[in-house]
Amino acid sequence: MEPIKQFSGRLAPLPINDIDTDQIIPARYLKVTDKNGLGGACFADWRYEADGTPKPDFALNRPEYQGAAVLVGGHNFGCGSSREHAPWALLGAGFKAVISTYFADIFRNNALKNGLLPVVVDAETHRQLISLAEEDPAAEVTVDLEAQAVILPDGRSVQFPIDAFSRYCLLNGVDQLGFLLGLDEHISAFEEAHPARVRTTAS
Amino acid sequence: MTNNGTPPRTLFEKVWDNHLVRPQTPDTPAVLYIDLHLVHEVTSPQAFTLLRERGLKVRRPDRTLGTMDHSTPTTPRNAEGIIPVLDTLAAAQLDVMRRNCADFGISLYDLGTDKQGIVHVIGPEQGLTQPGMTIVCGDSHTSTHGAFGALAFGIGTSEVGHVLATQCLLQNRPRTMAVRVDGHLRPGVTAKDIILAIIAKIGVGGGTGYVFEYMGEAIRALSMEGRMTICNMSIEGGARAGMVAPDETTFEYVAGRPYAPKGEAWDTAVSAWRQLPTDDGAAFDNEVVLNADELTPMITYGTNPGMGMPINGFVPDPDNMGDVSQRTALDKALRYMDLQPGQKLLGKRVDVVFLGSCTNSRISDLREAARFIKGRRVADGVRMLVVPGSQQVKAQAEAEGLHEIFKAAGAEWREAGCSMCIAMNGDQLQPGQYAVSTSNRNFEGRQGKGGRTFLASPLTAAATAVNGVISDPREMMN
Ligand code: SF4
């Protein structure tokens, strides 16, 4: 994974509460065995008519939001299904971060493992970012992971929380599996002390 | 203090502590050992690819089990004895699943075999799901298994890879919420109505960051199936896991199942399980209380499971919502559902009734619906699908003659799978159609693009199928 330190980009507003992962990528696109190429399916049912033509009034179809790197969603972004296809689709559609007031737990975990930053801000900042995205689509924000801050066009910097371990992994471009694999001895010791009660291979 | 001198702990804390390979530190999450890893075809292929790329094995195939459920057909074998998978992509995904399980030495309940079924139905049914275990699956409804006093939750595909390779997960400790349901359920009101009422109360984000423990008289009185229905939908309230303390009902359910401990091992297991319930005086981070006496059958009117109300209620008015974002959300939902504020749902025509899914496809759900439907007919113009949760459920139902009751009433009797809960296999709503569904999600397009879902209990589903319009089962129960 590429290290992520900081990046700048334009905002795209999607101020809808409780956006579930079925909307981020509908289930019929999950019949894949790969994680690439899902960008086109991102928000497919909100984005396209039945015949595949883009719905002109959907924010992400509007010309001014093409190439936006930061999606500003409503409260409780990413609820519902655990499908990791959701962050894969958002990344495929060009997003590097999603901003909300809070994220569903599984989505947040999945996003962090793929280098899509779930950025939690307070309700007031969230409102300001939505207005900014709607009124000035050319405005850029900078997301600085090192400083755990979003820097707004007026220079204001807003802190966001992220757990130390995810931050470390993202800044250094290392994945979390490597850390677990390094604990082999601990895991073996645990297994020794806690024999399995069920064995799925014995039937 | 408890009698052995330790500070009082909750059920969750006990299971969590028992599985710590390494505790949480300021720099790293806890490392949690996973007792049972369930794997299905949709969320695992990329994880196996990762293992191959890195030259890794599955650490504990003996703690891993595969099934096929999401993109599988629910139509019977054809004349050549083949189960027709309509879609080449789905067929390819099933083939990849077979190959992955074979290559990595994982037992697979393959399509067309007698143990196949929805992942959250087969675990408990085989006795694999036991109190005190940690159970994960790349599937958010893994919370179902918490009904046994297991810590069970859904994970993403990267984490599926972690568990395959190391049998461990990196987890930050969640907070705990006591969800207490006092009192007694009235006739016609079920476990499904309890959980729909809880979610309507706390909202779809209300449990974010928490593990629920369901407790109280009404929960104790439920069967294991009822408890599973409730724990299943914990995720719909935002909680990754929901748990119920194991008791005699739990032990009775587990006893004698294929993977349940036998003989002396059983006694040892039960005495360990008796230590699991939350100690007196243990603290929760939060609490919600409901009274079962006040509950009625519930139904959803919107596009998330939190948009629910008593079945005889009226669709709320966005103009009465104080918060702008809530008003927008409700307005958007009602437009999608093509419903009016103030409208009653009772009496509304539906096109489809779906009885199935990991929430309500167990034998007790089918029995309950069949008892109701017996001697009645599915209304003209209504399609009713009955999809058992597993092949074992299907066989049991057929042994009891339930399939004949459903078929005589004009319902479709199907093979086991997720079916119209997720509409990946061709079982789906047409755009604009209305369905009463016993599943767990009424998200836009969940049951088919443009389809509109009302979530309800199996009883409400059965009453609606018979009348062709949304109906209160209590009015037909004499
Ligand atoms: S029945 Fe529905 S909710 Fe349950 S596992 Fe299948 S798709 Fe998921």
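**Figure 1. Helix α5 of chain B and the residue that follows it.** In this predicted model, α5(B) is followed by B:Gln167, whose phi is positive, near 60°. Most residues other than glycine have a negative phi. The helix before B:Gln167 spans residues 157-166 of chain B and is mostly covered, since ten of its ten residues are buried. The buried residues begin with B:Thr157, B:Ser158, B:Glu159, B:Val160 and B:Gly161, and the list goes on with B:His162, B:Val163, B:Leu164, B:Ala165 and B:Thr166.

**Figure 2. Helix α8 of chain B, with B:Gly226.** The helix shown here covers residues 224-232 of chain B, and B:Gly226 is found in it. B:Gly226 counts as buried because its relative accessible area is 9%, under the 20% limit used for that class. α8(B) as a whole is mostly covered, with nine of its nine residues buried. Among them are the charged residues B:Glu225 and B:Arg227, and also B:Met224, B:Met228, B:Thr229, B:Ile230, B:Cys231 and B:Asn232. B:Gly226 and B:Thr460 are 234 residues apart along the chain, and their C-alpha atoms are separated by 15 Å.

**Figure 3. The surroundings of the ligand.** The space taken by the ligand is the largest cavity. The residues around the ligand belong to chain B and include the histidines B:His70, B:His120 and B:His141. The cysteines B:Cys358, B:Cys418 and B:Cys421 are also found around the ligand. B:Ile118, B:Asp139, B:Ser357, B:Ile422, B:Asn440 and B:Arg446 are further residues of this shell. Sorted by class, the shell has five nonpolar, five polar and two charged residues. The charged ones are B:Asp139 and B:Arg446.

**Figure 4. A:Phe77 and its contacts.** A:Phe77 has its place in the loop between β2 (70-73) and α3 (85-92) of chain A. Is this residue, A:Phe77, buried or exposed? A:Phe77 is buried, because its relative accessible area is 0%, and the limit for buried is under 20%. Leaving aside neighbours within four places in sequence, A:Phe77 is in contact with residues that include A:Ile19, A:Ile24, A:Phe43, A:Leu71 and A:Leu90. Its other contacts of this kind are A:Val98, A:Ser100, A:Tyr102, A:Phe103, A:Ala104 and A:Phe107. The C-alpha atom of A:Phe77 is separated by 24 Å from that of A:Tyr168, which is 91 residues away along the chain.

**Figure 5. Two loop residues of chain A with positive phi.** A:Asp18 lies in the loop between β1 (6-14) and α1 (21-24) of chain A. Its phi is positive, about 55°, although A:Asp18 is not a glycine. A:Gln148 is found in the loop between β5 (140-144) and β6 (149-151) of chain A. The phi of A:Gln148 is near 50°, again a positive value in a residue other than glycine.

**Figure 6. Chain A as the setting for the views of its residues.** Chain A has eight helices and seven strands. Its C-alpha atoms fill a box of roughly 60 × 45 × 25 Å, taken along the principal axes. Of its 203 residues, 56% count as buried. Chain A exposes about 8200 Å², and carbon and sulfur atoms supply 50% of this area. Among the contacts in chain A with a separation of 6 or more, 64% are between residues 24 or more positions apart.

Conventions:
Residues numbered from 1 in each chain as written. Chains lettered and ligands numbered in written order. Predicted model: local features only at pLDDT ≥ 70, side-chain atom pairs only at ≥ 80, totals over all residues. Heavy atoms only, no water. Near = heavy atom within 4 Å. 1 Å grid on protein atoms, 1.4 Å probe; cavity = no way out; pocket = protein on both sides within 12 Å on 5 of 7 lines; lining within 4 Å. Sits in = over half its atoms within 2 Å of the grid points. Helix = DSSP H or I, 4+ residues; strand = E, 2+ residues; numbered from the N terminus. Buried < 20%, exposed > 50% of the residue type's maximum accessible area, 1.4 Å probe, protein only. Contact = heavy atoms within 4.5 Å. Areas by Shrake-Rupley, 256 points an atom, 1.4 Å probe, with all protein chains shown as cover.
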